[in-house]
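User: I'm new to this one, and I'd like to learn how to read it. Could you take me through it feature by feature?

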Amino acid sequence: MKLKPQKFADYATIAFPAGMLTVFFVIPFGIMIAVSFFQRVQGAFYEPAFVFENYARFLTGFFGGILGFSIGLAALVAVVSVVLAFPFTYILTRMSRQAQVVWLVFLLSVLSLSEVLIGFGWSTLLSRTAGITNLLVSLGIMDKPMSLSPGFGAVMTGMVYQTFPYTVLVLYPALSRLDPSLVEAARTLGSGPVRSFANVVVPALRNSIVSTLIMVFVFALGCYLLPQLLGKPSHWTLSVLITDQAIYQSNMPFAAAMAVFLVLVSLSLVAISLLYGKKEHAA
Amino acid sequence: MINKFVLRLFLGSLVLFLSAPLVVVAGVSFNEKKSLSFPPQGFSLDWYAQIFTDDGWRQALFNSVGVAIGASCLSVIVAFPLAWFLWRFHAPWARIVQVLGLAPFILPPVITALGFLSFWTTAGAYGQPWTVVISHGIFFVTLPLVTLTLGFDAVDDSLVEAAATMGADDKTILRTVILPLILPYIISGMAFAFVLSLNEYIVAYMAVGFTVETLPIKIFNSLRYGYTPTMASVTVLFVAVAVIVFGLIARFGDLPRLLGAWRHDEDG
């Protein structure tokens, strides 16, 4: 039986986490929003002001191009990841418990890898001297080894590599809770495993798929290093640009304005995905 | 027959895709010379020794491990009272604090990183080594918060009621009944935070990038000047740590449940 907190001591327990999160998460956030209206000072950092010029730069073609590319790339990565991860996660949840655990340890290990390490790993795998093309040459498929990175394909591959384990883990709860009798019924009625998957499992989890697509899209939007390590400057995304402006161009106000924009986009998308998830829960 | 073959092919290609970069990195880490080539030429463990003998790499390793230990402890210290309060009391407003605890993990990491950069600059503590411990501790609070929430949900109410009937107060119940029951969830939340903190780059870089070098920062900095084989051996070390830690969680805990699976025989 849950009680309403009454005594001072009851509130004291939540005061510490609430205080910590306010001081070190809400206030930094507030400062960032404030900085986004500040004026940049050449040669120094920035000075307090209330200007919209940082936001006005969104209207330039340069920014529009980066935004369009970021959204397109994240959407493509999300679709590829979900298309690969959905059937995989379904198969995973039907495996023996032991096999599931082995896969989960493997996926978690890949997921926890730093973007720096993923970028390094793929740039090595796609390099001329140590890369996959050497294997193709020794098999006689290619004439001489070549470098496949930097390039759009390399960025895509690296990002799908990073988002795939995340996608599986987002889908895992929904798929492992799917009532097995649904599929059994379809099988009893004579449809094969592929058809029962396509006609029963996919429609039953339509909302989960949509909310997962959005979650993975937001995750891919946050990818800050891979486009820089595996791509050319034309493959830079909003997250890369924010880091670049904040650290290398020392233009904090502009970086903050872009970050505020990114928060708004991400939050509204997460809200939509939560609504979708809820609908299915109620159904 | 064909279905089984397609299934094997699909799973096999996924294993290949997920392990290929790691295999190549492991391969180049054994190269005898300082060159980036695969299959490796010669065999040497020098690049592993380098992590501990080279001053720069050893310092980065110590920095990373120190930050990860501090941050994972802090994240549990913040998450525990919050998860306990949410479980013990009925207070809808407390959900706001819960959302704050989940937010750093859902938002793109660049945003949290930039928030910390502006915060520490404003507070005049920019570049102080301890700021990264707090930054990571808050950034990863989500992980112990999620595992602890699951842990508290799994506590059998009748045990708590029995203890209360026998006259135990909240504090005694917490210490003698609840703490032993949720200890595995504390440890796994802490372990998740530890591994992720070890690997984290952008928040650490924005908080202390110019004064403290953690391993991911050092690898990134070295990448800009070309290739050093020590990057490869550090990567292998990181993968090994992750596999060991998650393997231990799986061995002593219920990994599928931690990740949100319900067992069908437990429903109802």
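Analyst: Sure, we'll go through the chain contact, the salt bridges and the empty spaces. Keep in mind that this is a predicted model.

User: Let's start with the contact. How many residues does each chain put into it?

Analyst: Chain B brings 91 residues and chain A brings 88. The area buried between the two chains is about 7,900 Å², and carbon and sulfur atoms give 81% of that.

User: How many salt bridges and polar contacts are there across the interface of chain B and chain A?

Analyst: For a salt bridge, you look for a side-chain nitrogen of Lys or Arg within 4 Å of a carboxyl oxygen of Asp or Glu. Across this interface the rule finds one. Polar contacts between chain B and chain A come to six residue pairs, both residues at pLDDT 80 or more. As for the side of chain B that touches chain A, helix α1 (residues 2-29) of chain B gives its largest share, 15 residues. Sorted by class, that side of chain B has 72 nonpolar, 15 polar and four charged residues.

User: Which residues form that salt bridge?

Analyst: A:R97 and B:D254, with N to O at 3.1 Å. Over all chains, the whole structure has three salt bridges. Now place the pair: A:R97 is in helix α4 (residues 97-112) of chain A, while B:D254 is in the loop between α12 (229-252) and α13 (255-258) of chain B, so the pair joins two chains.

User: And how do I read empty space?

Analyst: Rolling a probe the size of a water molecule over the atoms shows where empty space is left. Take the second largest pocket, with about 570 Å³ of space. Its lining has 18 residues, and the closest to the centre are A:Y90, A:I91, A:P193, A:V194 and B:L7.

User: Which element gives the largest share of the lining of that second largest pocket?

Analyst: α1(B), with six residues. By class, the lining of this pocket divides into 11 nonpolar, two polar and five charged residues.

User: How many cavities of 30 Å³ or more are there?

Analyst: Five. The largest cavity has a volume of about 70 Å³. Residues from chain A and chain B line this cavity, among them A:W236, A:Y248, B:Y201 and B:F220. The largest share of the lining, four residues, comes from α12(A). By class, the lining of the largest cavity has nine nonpolar, two polar and one charged.

How values were computed:
Residues are numbered from 1 along each chain as its sequence is written. Chains are lettered from A and ligands numbered from 1 in the order in which they are written. Side-chain values use heavy atoms; hydrogens and water are left out. Contact means heavy atoms within 4.5 Å. Buried area is the accessible area (1.4 Å probe) that two parts lose on being put together, summed over both. A polar contact is a pair of N or O atoms within 3.5 Å; within protein, one must be able to donate a hydrogen and the other to accept it, and residues adjacent in sequence count only if both atoms are side-chain atoms. Ala, Val, Leu, Ile, Met, Phe, Trp, Tyr, Cys and Pro count as nonpolar, Asp, Glu, Lys and Arg as charged, and the others, Gly among them, as polar. On a 1 Å grid over the protein atoms alone, a cavity is a set of points where a 1.4 Å probe fits but cannot get out, and a pocket is an open set with protein on both sides within 12 Å along at least five of seven lines; lining residues have an atom within 4 Å of a point. Grid points are joined across faces, edges and corners, and a volume is the space filled by probe spheres set on the points.
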